[in-house]
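Here is a short briefing on one protein model. Keep the sequence and the 3D view side by side as you read.

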Amino acid sequence: MAERVSGPYRGYYISAAARLTPSPDQADGAPKPPIYVGSVSVAQGGPDNVHRFETLVDLGDQRRFASEDEALGHVEQAARVYIDRLLQNT
């Protein structure tokens with residue numbers, strides 16, 4: 001598993017993670033390459049702050065990625081869009 005913390009972005013720290021998962025075999029029995037699944041956490045006041053919150057962040061159509069960097073970049077960008085939307089409504 002790879003993890004990357006960035007920030008502060010508009011007062012929030014973003015912790016993006018990518019986890020390697022096995023992919024199901026194809027119908028013809030040939031194995032597919034492994035895939036990465038991304039997840040993200042957002043915290044205010046620092047990445048180790050106990051005041052975290054959990055929410056569902058829309059990741060768009062893509063949920064599985066071919067590389068760690070692709071998964072990390074995608075979920076980090078989704079968190080930034082979420083933060084922008086959150087602050088726009090306040």
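Is Tyr36 buried or exposed? Tyr36 counts as buried, because its relative accessibility is 15% and the cut-off for buried is under 20%. Keep in mind that this is a predicted model. The protein has five strands and one helix. Buried residues make up 31% of its 90 residues.

**Overall layout**

- Starting at the N terminus, the elements come in the order β-β-β-β-β-α.
- The accessible surface of the protein is about 6,100 Å². Carbon and sulfur atoms hold 49% of that surface.
- Take the contacts in the protein with a separation of 6 or more: 55% of them join residues 24 or more positions apart.

**The nonpolar cores**

- In soluble globular proteins, nonpolar side chains tend to be buried together.
- Here, the largest nonpolar core has eight residues. They are Ala2, Ala16, Ala18, Tyr36, Phe65, Ala71, Leu72 and Val75.
- Strand S2 (12–21) and helix H1 (68–88) each supply at least two residues of this core.
- H1 gives the largest share, three residues.
- Another core, of six residues, lies apart from this one. Tyr9, Ile14, Ala79 and Ile83 are among its members.
- Ala18 belongs to the largest core. Leaving out residues up to four places away in sequence, Ala18 touches Met1, Ala2, Tyr36, Val37, Gly38, Glu68, Ala71 and Leu72.
- Tyr36, also in the largest core, sits in strand S3 (residues 35–44).
- Tyr36 and Ala17 are 19 residues apart along the chain. Their C-alpha atoms are separated by 9.7 Å.

**Helix H1**

- Does the length of H1 fit its 21 residues? What span should they have, at 1.5 Å a residue? The expected span is 30 Å, and the end C-alpha atoms are 30 Å apart, so the two agree.
- The buried residues in H1 are Ala71, Leu72, Val75, Glu76, Ala78, Ala79, Tyr82 and Ile83.
- These buried residues cover an arc of only 160° around the axis, so they lie on the same side of H1.
- The face turned away from that buried side carries the exposed residues Asp69 and Gln88.

**Glu3 and Ser15: a pair across two strands**

- Glu3 is part of strand S1 (residues 2–9). Ser15 has its place in strand S2.
- The two are twelve residues apart in sequence. In space, their C-alpha atoms are 6.9 Å apart.
- A polar contact of 2.4 Å joins their side chains, Glu3 to Ser15.
- Is Glu3 buried or exposed? Glu3 counts as exposed because its relative accessibility is 52%, and the cut-off for exposed is over 50%.
- Ser15, in contrast, counts as buried because its relative accessibility is 13%.
- Not counting residues up to four places away in sequence, Glu3 touches Ser15, Ala16, Ala17 and Leu72.
- With its neighbours within four places left aside, Ser15 is in contact with Glu3, Arg4, Val5, Ser39, Val40 and Ser41.

**Thr21 in strand S2**

- Thr21 lies in strand S2.
- Thr21 counts as buried because its relative accessibility is 14%.
- Which residues does Thr21 contact, leaving aside its neighbours within four places in sequence? They are Pro34, Ile35 and Val37.

**Backbone features to look for**

- Most residues other than glycine have a negative phi, and most peptide bonds are trans.
- The peptide bond from Gly7 to Pro8 is cis, with omega near 5°. Pro8 is found in strand S1.
- Arg10 is not a glycine, yet it has a positive phi of about 55°.
- Where is Arg10? Arg10 lies in the loop between S1 and S2.
- Arg10 counts as partly exposed because its relative accessible area is 48%.

Conventions: Residues numbered from 1 in each chain as written. Predicted model: local features only at pLDDT ≥ 70, side-chain atom pairs only at ≥ 80, totals over all residues. Heavy atoms only, no water. Helix = DSSP H or I, 4+ residues; strand = E, 2+ residues; numbered from the N terminus. Buried < 20%, exposed > 50% of the residue type's maximum accessible area, 1.4 Å probe, protein only. Contact = heavy atoms within 4.5 Å. Areas by Shrake-Rupley, 256 points an atom, 1.4 Å probe, with all protein chains shown as cover. Core = buried A, V, L, I, M, F, W, Y, C linked by side-chain atoms within 4.5 Å. Polar contact = N/O pair within 3.5 Å; in protein donor to acceptor, adjacent residues only side chain to side chain. Expected span 1.5 Å × (residues − 1). Arc of directions from axis to C-beta.
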